[in-house]
Amino acid sequence: MTWPEPLTTAIEAFSERRFRATVLAADGRAVASVDSVVNSARIGAFGSMTTHGEGGSPRQRQRALVLLVRASLAHAAALGVRHVETRAPARMAAFAARMTGFHGERRPDGTIRFSGDLAAIRTHALDTTDANGDLLP
């Protein structure tokens, strides 16, 4: 079962330091989301991405995750965030590397830490994906 197209994004700001990016199917149903926080030093932390419920082809699920990253980085930039980081489980490390442009640092807990300048990461993400969430060659 696929989700009705197009997939779109929405940002819900809970405060100036906490927000949620959500991907919506054409029928308005939330299909993926991620919560992010910003600390007083203007460092943004990207949380765990979640897909909701059943459905969505593998390609749609990947596109939803790309759209979450793009929307979160755009909102963080608008908030004045200069540095971002996330920790990805090993199974998501290749995706995180593709989106950030670097390999990350393995942590003792088995996660991979991706951290860097928001402008550089956002530029890389925009250069390697399109507005529909597709990965570019």
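Biologist: Why is Phe102 called partly exposed in this predicted model?

Modeller: The relative accessible area of Phe102 is 29%, and since buried means under 20% and exposed means over 50%, a value in between is called partly exposed.

Biologist: And why is Phe114 called buried?

Modeller: Phe114 has a relative accessible area of 2%, which is under the 20% cut-off, so the residue counts as buried.

Biologist: What makes Phe102 and Phe114 an aromatic pair, and why is the pair called tilted?

Modeller: Their ring centres lie 6.3 Å apart, and because the limit is 6.5 Å, the two rings count as a pair; the angle between the planes is 35°, which is neither under 30 degrees, as stacked would require, nor over 60, as edge-to-face would require, and therefore the pair is tilted. A search of the whole structure finds one aromatic pair.

Biologist: What does the pair tie together?

Modeller: Phe102 lies in the loop between α2 and β7, whereas Phe114 belongs to strand β8, so the pair ties together parts that are twelve residues apart in sequence.

Biologist: How do you know that the span of α1 agrees with its number of residues?

Modeller: With 21 residues at 1.5 Å a residue, α1 should span 30 Å, and its end C-alpha atoms are 31 Å apart, which agrees.

Biologist: His75 is found in helix α1; why is His75 called buried?

Modeller: The relative accessible area of His75 is 19%, and because buried means under 20%, His75 falls in that class. Not counting residues up to four places away in sequence, His75 touches Ile11 and Phe19.

Methods
Residues numbered from 1 in each chain as written. Predicted model: local features only at pLDDT ≥ 70, side-chain atom pairs only at ≥ 80, totals over all residues. Heavy atoms only, no water. Buried < 20%, exposed > 50% of the residue type's maximum accessible area, 1.4 Å probe, protein only. Contact = heavy atoms within 4.5 Å. Helix = DSSP H or I, 4+ residues; strand = E, 2+ residues; numbered from the N terminus. Expected span 1.5 Å × (residues − 1). Phe/Tyr/Trp six-rings, centres within 6.5 Å; stacked < 30°, edge-to-face > 60°.
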